[in-house]
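Subject: Structure handover

Hello,

Here is the structure for you to look over. My notes on what turned up follow below it.

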Amino acid sequence: MAPVLEVRDLKKSFKDFAINNISFTLEKGYIMGFIGPNGAGKSTTIKLILNLLKKNDGEIKIFGLDNIKYEKEVKNRIGFVFDENYFYEELTVMEMKRLIASFYKNWDDRVFNKYIKEFSLPPKAKIKELSKGMKMKFSIAIALSHDAELLIMDEPTSGLDPIIRSELLDILTFLIQDENKSVFFSTHITSDLDKIADYITFINHGSIVFSCAKDDIVEKHGLVKGPKEILNADVRKHFIGIKETPYGFEGLAGDRQQVKRILGDKAIIDKPSLDDIMLYYAKEVQNV
Amino acid sequence: MNIIISNSSQEPIYEQIVKQIKNIIIRGELAENEMLPSIRSLARDLQISVITTKKAYEELEKDGYIVTVQGKGSFVAAQNKELLKEMRLKIVEEKLAEAVDAGRSIELSLEEMQKMLTILYEEE
């Protein structure tokens with residue numbers, strides 16, 4: 001079976017920034033988090049996937065179909081949510097819905113009304129009167145009301161409080177109870193949504209650092225803390241990045257078991273969070 | 001049935017699930033042929049990834065605790081009765097040993113403890 005989303009050797013260059021040979025694959029029924037610091041190329045990649053930007057080279061397949069050649073069919077089966085508000089501020093929730101519904105073949109008003117109720121969205125309120133959290137929920141209601149098989153979200157959680165972020169998490173886990181649905185979302189807040197992510201694709205400076213199962217990443221790496229005296233050149237080689245303070249060091253090791261063997265009980269080795277991993281990989285260049 | 005996941009534990013999350021479901025089965029909280037929650041609903045309720053619960057179920061299946069039927073779900077495997085009984089006996093023994101330790105620490109005599117056990121046993 002074809003993957004839901006397949007990106008191969010994707011390239012796009014701007015005057016002062018480029019996306020180099022990006023490749024990753026999302027299988028049906030799973031959630032992939034697309035993480036990286038601000039300006040790493042997350043939004044550019046998403047815009048390329050949705051054909052809102054023209055790629056220079058490479059291949060993007062959605063549901064096994066070329067994203068440009070079959071743009072219309074593919075987009076009917078995708079729901080998307082953007083960080084920025086792309087609705088008409090002066091329209092009401094219902095007016096905006098009517099406008100968007102007309103673009104979709106499988107639009108289902110019953111589903112939309114169900115979400116409106118669930119999210120307590122005021123149907124007669126103008127878009128500009130909605131809070132940031134409400135706008136995000138409105139986007140999600142819109143994105144989920146045409147039976148989309150793939151939900152693509154660009155920074156859906158930025159600027160939202162933990163309660164709404166947790167609600168979003170519930171919505172997503174509920175969505176993929178149907179194993180035919182998949183989710184791809186970008187974020188730079190790795191703490192909450194990534195609990196539920198099956199796969200993590202990490203982009204930095206326009207290149208993919210890794211794209212694999214989240215559990216593998218977290219189990220493989222180790223967050224090491226210890227006295228600076230044990231850091232000789234040989235030991236340093238096993239680290240992706242090291243932070244030294246007057247009182248010791250903290251570093252991210254690429255292979256937790258190996259470092260455990262080398263350092264024994266001279267250091268404390270913890271399970272890193274995705275935040276730790278992102279931090280050390282993003283800083284790598286400065287440390288070497 | 002309780003499954004408690006610690007995110008700060010060194011133990012991988014799937015192993016935590018495997019261990020706890022095994023105990024649930026050994027204790028008999030889930031009976032033979034009883035259906036387990038689906039991989040996806042368990043992931044949702046524990047707020048962890050689907051891959052993690054999937055890996056846990058695969059492990060349980062490998063160890064013979066559950067059987068997964070394509071399209072139907074996962075079920076508690078028919079257990080080797082002798083083995084299961086032995087495991088349960090072991091649990092009883094452990095709990096009794098705990099009680100004996102607790103009794104000894106306040107210098108209860110064997111007789112006093114036997115009396116207590118008799119009362120408790122006949123209570124139901």
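Let me start with the interface. Chain B puts 13 residues in contact with 16 residues of chain A. On the chain B side, two elements give two or more residues each: helix 2 (39-46) and helix 3 (50-62) of chain B. Helix 2 of chain B has the largest share, four residues. By type, the chain B side that touches chain A divides into six nonpolar, five polar and two charged residues.

Please keep in mind that this is a predicted model. The scores are ipTM 0.75 and pTM 0.82. For chain B the average pLDDT is 89, and 98% of the residues score at least 70. Within chain B, confidence is highest in helix 3, at a mean of 94. That is one of the helices named above for the contact with chain A. Confidence in chain B is lowest in helix 4 (residues 81-105), at a mean of 85.

Chain B overall

Chain B has five helices and two strands. Along the sequence the pattern reads α-α-α-β-β-α-α. The radius of gyration of chain B is 19 Å, whereas the globule rule gives 14 Å for 124 residues, so chain B is more spread out than a compact globule. Along the principal axes, the C-alpha atoms of chain B fill a box of roughly 55 × 35 × 25 Å. Buried residues make up 22% of the 124 residues in chain B. Now the contacts in chain B between residues at least 6 apart in sequence: 51% of them join residues at least 24 apart.

The open sheet in chain A

Chain A has an open sheet of four strands, in the order 2-1-4-5, with antiparallel pairing. Which strands stand at the edges? They are strand 2 and strand 5 (65-66) of chain A. Each has a single partner strand, so one side of each is left without a neighbour in the sheet.

Strand 1 (residues 5-13) and strand 2 (residues 18-26) of chain A run antiparallel and are joined by six bridges. The two form a hairpin, with four residues between them. One of the bridge pairs is A:L5 with A:L26. Strand 1 of chain A is also joined to strand 4 (residues 57-62) of chain A, by five bridges, again antiparallel. There, A:R8 has A:E59 as its bridge partner.

The nonpolar core

The largest nonpolar core has 82 residues. Those with the most contacts inside this core are A:I31, A:M32, A:A143, A:L150, A:I152 and A:F184. Helix 5 (residues 132-144) of chain A gives the largest share of the core, seven residues. As background, nonpolar side chains tend to be buried together in soluble globular proteins.

A:M32 deserves a look. Leaving aside neighbours within four places in sequence, A:M32 is in contact with A:L26, A:F184, A:A197, A:D198, A:Y199 and A:T201. A:L26 is the residue that pairs with A:L5 in the hairpin. A:F184 is itself among the residues with the most contacts inside the core.

Residues to check by eye

Two residues have a positive phi without being glycine. For A:N21 the angle is about 45 degrees. A:N21 lies in strand 2 of chain A, one of the edge strands of the open sheet. Is A:N21 buried, exposed or partly exposed? It is partly exposed, because 14 other C-beta atoms lie within 10 Å, and the partly exposed class falls between 12 or fewer for exposed and 20 or more for buried.

For A:D147 the phi is about 60 degrees. A:D147 sits in the loop between helix 5 and strand 7 (150-154) of chain A. With 17 C-beta neighbours inside 10 Å, A:D147 also counts as partly exposed.

The last one is A:I189, in the loop between strand 8 (182-187) and strand 9 (199-204) of chain A. A:I189 is partly exposed, with 17 other C-beta atoms within 10 Å. How far apart in sequence and in space are A:I189 and A:G36? They are 153 residues apart in sequence and 9.1 Å apart in space, C-alpha to C-alpha. Not counting residues up to four places away in sequence, A:I189 touches A:T157 and A:S158.

Best wishes

Definitions and conventions: Residues numbered from 1 in each chain as written. Chains lettered and ligands numbered in written order. Predicted model: local features only at pLDDT ≥ 70, side-chain atom pairs only at ≥ 80, totals over all residues. Contact = placed C-beta atoms within 7 Å. Nonpolar A, V, L, I, M, F, W, Y, C, P; charged D, E, K, R; others polar. Pairing = 2+ DSSP bridges. Rg over C-alpha atoms; globule rule 2.2 N^0.38 Å. Core = buried A, V, L, I, M, F, W, Y, C linked by C-beta atoms within 7 Å. pLDDT = per-residue confidence, 0-100.
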